[in-house]
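Visitor: Please take me on a close tour of the charged side chains here, with enough of the surrounding fold to keep my bearings. I'd like the cut-offs too, since I'll want to know what each term stands for.

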Amino acid sequence: MTQRNFHPSRGRSRFGILVPFTNTNLEPDMTMLRPEGVSLHFARMGGYDQEEIPDAAQMHGLGAADLDEPLRLLHGVRPDVILYGCTSATLTHGPAFDRELADRIRTSSGAQTVTAAGALVHALRTLRATRIGFASPYVADINDLAIRFLAETGISTVSRSEVTGQLDNYGQGALTPQAVFDLGLAADCPEAEVLVLSCTDMRSVEIIDRLEKTVGKPVVTSNQAMAFQAMQMAGITTPPAGFGRLMLNLQRLGRSARMRSRFSRDFLGCSNLIRPQ
């Protein structure tokens, strides 16, 4: 039996996570999703008004905000992966901006980088899904932009669920797990292959397993998708239990990577035996 060279609390990988400064649920969610040996390190980011409704203009401002100081603080722990923990901040800008932001963070930090919006797309591609039901606590104009963002990446939204009225920054985070479950369930329809619950400050992680059992299809959430992609980047193939079908792909992808590595090693080993005559 191979002995682990890391403690359950640290030593395997470090995840640095950028959190909107009013967000109260991303840190608890990442703690629940954290695999053994991974340590979590958080830094707060601003760029929006905590007293305003988080509409498209506010979230657009967050996406464009200067990240130099929070990134400088995260650099101090030398993270292996940095997670940009706001979905709507880049959904409101579009896929090209999302990719450019990830590239900027990667270039400045030297760490592999995950964005919440990009992680949703990555998760849906992993699940080979092209038709989704979409649910969020956002205002309607952000949902419109989110659906457009996903459409530009080849993902069609066939059903949609929204909250009644407009929630402020704290109202989004205060939604109960039952309210989030009901919101997600309302986005389901027979044509949807996957349900997407978007927002890093919504308590979606707690209801993934229950909602999947109810609708009989995968459920993808912002924080679960970020954790999945970060674990993949860190080479972690043991999925945390109870957080959806997406996580089971860590084992499958890990096996595929090992098989490719073994094939390459064997092929190169054989080719090295061939000598020109």
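Guide: We'll begin with the whole chain, go through the charged side chains helix by helix, and finish with some neighbouring spots.

This is a predicted model, so local features need pLDDT of at least 70 and side-chain atom pairs count only at pLDDT 80 or more, while totals for chains, interfaces and linings use all residues. Residues are numbered from 1 along each chain as its sequence is written, and side-chain values use heavy atoms, with hydrogens and water left out.

The protein has 12 helices and eight strands. Both are DSSP runs numbered from the N terminus, with helices being H or I of at least four residues and strands being E of at least two. Of the 277 residues, 52% count as buried; buried means under 20% relative accessible area, exposed means over 50%, and partly exposed is in between (1.4 Å probe, protein chains only). Take the contacts with a separation of 6 or more, a contact being heavy atoms within 4.5 Å: 75% of them join residues 24 or more positions apart.

Now for the charges. Side chains of opposite charge can pair when their charged atoms come close. The working rule for a salt bridge is a side-chain nitrogen of Lys or Arg within 4 Å of a carboxyl oxygen of Asp or Glu. By that rule the structure holds nine salt bridges.

Helix 3 (68-75) is a good place to start. There, E69 pairs with R72, and their closest N and O atoms are 2.8 Å apart. The two sit three residues apart in helix 3, about one turn of the helix. E69 is partly exposed, with a relative accessible area of 42%, and R72 is partly exposed as well, at 48%. Past that helix comes G76, in the loop that leads from helix 3 to strand 3 (81-84). G76 counts as exposed because its relative accessibility is 62%. If you hop from G76 to H41, you cross 35 residues in sequence and 10.0 Å in space, C-alpha to C-alpha.

Helix 5 offers another pair: D103 and R106 meet in a salt bridge at 2.5 Å, N to O. Here too the partners are three residues apart in one helix, about one turn. D103 is partly exposed at 40%, and R106 is partly exposed at 33%.

What about D98, which also has its place in helix 5 (residues 95-109)? D98 is buried yet has no salt bridge; the nearest side chain of opposite charge is R99, 6.9 Å away. For that search, Lys and Arg count as positive and Asp and Glu as negative, while His and the chain ends are not counted. Leaving out residues up to four places away in sequence, D98 touches T90, T115, A117, G118 and F149.

One of those, G118, turns up again in the contacts of Q229: under the same sequence exclusion, Q229 touches V114, G118, A119 and H122. Q229 is found in helix 11 (residues 222-233) and is buried, with a relative accessible area of 14%.

On to helix 10 (residues 208-215), whose buried residues are I208, L211, E212 and V215. They lie on the same side of helix 10, because they cover an arc of only 100° around the axis; the arc is that of the directions from the helix axis to the C-beta atoms. Helix 10 has a salt bridge as well, between D209 and K213 (3.2 Å, N to O). These two are four residues apart, about one turn of the helix. D209 counts as partly exposed at 30%, whereas K213 counts as exposed at 65%. Just after helix 10, G216 takes a positive phi of about 70°.

Not everything comes as a simple couple: D144, R160 and E162 are linked in a network of salt bridges.

For a last bit of fold, go back to the start of the chain. Strand 1 (residues 13-20) and strand 2 (residues 38-45) run parallel and are joined by eight bridges; two strands pair if DSSP finds at least two bridges between them. S13 stands opposite V38 there. With helix 1 (residues 26-33), these strands make a right-handed β-α-β unit. Right-handed here means that, with the strands pointing away from the viewer, the path from the first strand over the helix to the second runs clockwise.
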